Amino acid sequence: MESKPEVLSIQNLSFAYDERPLLGGVNLSIYAGELIALVGDNGAGKSTLMKLILGQLKPGTGTITLFGDDAFSNPHFEDIAYVSQDSIRGYRNFPTTIEELIGIHVRYLNAKAQIDELLATVQLSEHKSKRLSELSGGQLQRVGLLLALIKDARLILLDEPTSAIDRTFSAEFYRILRDLAVSGTAIVVITHHLHDARAFVDRVIRLEDGTCHIECATLDDHGTGGAGCHCLHPQPVGRS
Ligand SMILES: Nc1ncnc2c1ncn2[C@@H]1O[C@H](COP(=O)(O)OP(=O)(O)OP(=O)(O)O)[C@@H](O)[C@H]1O
């Protein structure tokens, strides 16, 4: 089978906040076209791991390589779309409508996105003239997804993107992500709603105990996972 390009490689990562160890012995590789669910209890370190991948935090030991470069010294902003819980909450304070916010992003990124199509994809067409302060939590999360789609990134990191989204659109949400993955985008989604994600993702990676959490690889594509691997869904889904 043809191997897919490696997007992200984490080797022997450890990280501590104020000398309080949080992550240790983390090894993980993510490949182009993979849709991954990152799960774990509150405080397990999922958001912290995303910030490390983004180069916002510096590893204690070990390495994080993004598109072949060290993530901390070369964070590849142009290749990554990141939607955090904070950014979604922050949208509420933007004194704009949805379509104005999209226009700002399109101009800033010089993007060629088909905005009406994207609005229809996230089912916000009829709300496009609404101010962000008027939107529900779930509608705001759809705006977050839409902004990630505009960027046309090679790696998309989503931190609890469906927490306020109803189950009907949640399935649609993962279908959209699945289509993106099929077109080659690597996607990592932090979620506490694995039951919604499970049918769509290729792999589930669980952070547990705050330490030593190891890659869970799909055996047929990327080799084997190591000791401590928590492979909840070993068979790739949605790939032919
Ligand atoms: N800036 C910070 N300084 C010190 N400690 C922090 C900081 N940010 C997070 N922590 C701590 O690190 C731990 C992991 O936090 P993190 O947000 O990564 O967890 P999480 O797995 O994303 O949790 P949740 O599911 O609740 O969102 C928590 O105990 C948190 O209090």
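Here are some friendly notes on this predicted model, point by point.

1. **The ligand shell.** Let me start with the ligand. The residues around it are Tyr 17, Leu 22, Gly 40, Asn 42, Gly 43, Ala 44, Gly 45, Lys 46, Ser 47 and Thr 48. By character, this shell divides into three nonpolar residues, six polar and one charged. Helix α1, residues 46–53, gives the most to the shell, with three residues.

2. **The largest nonpolar core.** This core has 62 residues. The members that touch the most others are Ile 36, Leu 38, Ile 53, Leu 146, Leu 157, Ile 187 and Val 189. Helix α5, which runs over residues 137–151, gives the most to this core, with eight residues.

3. **A closer look at Ile 53.** Which residues does Ile 53 touch, leaving aside those up to four places away in sequence? They are Leu 8, Ile 64, Leu 66, Ala 71 and Leu 157. Of these, Leu 157 is also listed with Ile 53 among the core residues that touch the most other members.

4. **Helix α6, its length.** Helix α6 covers residues 167–182, 16 residues in total. At 1.5 Å a residue it should span 22 Å, and its end C-alpha atoms are 23 Å apart, so the expected and modelled values agree.

5. **Helix α6, its buried side.** The buried residues here are Ser 170, Phe 173, Tyr 174, Leu 177 and Ala 181. They cover an arc of only 90° around the axis, and therefore lie on the same side of α6. What do these buried residues of α6 pack against? Their partners are β3 (35–40), α5, β8 (186–190) and α7 (194–197). After the helix comes Gly 184, with a positive phi near 110°.

6. **Positive phi at Asp 18.** As background for the next two points, most residues other than glycine have a negative phi. Asp 18 has a positive value, near 50°. Asp 18 sits in the loop between β1 (6–17) and β2 (20–31). Is Asp 18 buried or exposed? Asp 18 counts as exposed because just 4 other C-beta atoms lie within 10 Å, where the cut-off for exposed is 12 or fewer.

7. **Positive phi at His 76.** Phi of His 76 is also positive, near 55°. This residue belongs to the loop between β5 (69–70) and β6 (80–83). His 76 has 17 C-beta neighbours inside 10 Å, so it counts as partly exposed. A buried residue would need 20 or more.

Technical notes
Residues are numbered from 1 along each chain as its sequence is written. This is a predicted model: local features need pLDDT of at least 70, side-chain atom pairs count only at pLDDT 80 or more; totals for chains, interfaces and linings use all residues. A nonpolar core is a set of buried Ala, Val, Leu, Ile, Met, Phe, Trp, Tyr and Cys residues joined through C-beta atoms within 7 Å. Helices (H or I, at least four residues) and strands (E, at least two) are DSSP runs, numbered from the N terminus. Two residues are in contact if their C-beta atoms, placed from the backbone, lie within 7 Å. The expected span of a helix is 1.5 Å times one less than its number of residues. The arc is that of the directions from the helix axis to the C-beta atoms. A residue is near a molecule or strand if its C-beta atom, placed from the backbone, lies within 6 Å of it. Ala, Val, Leu, Ile, Met, Phe, Trp, Tyr, Cys and Pro count as nonpolar, Asp, Glu, Lys and Arg as charged, and the others, Gly among them, as polar.
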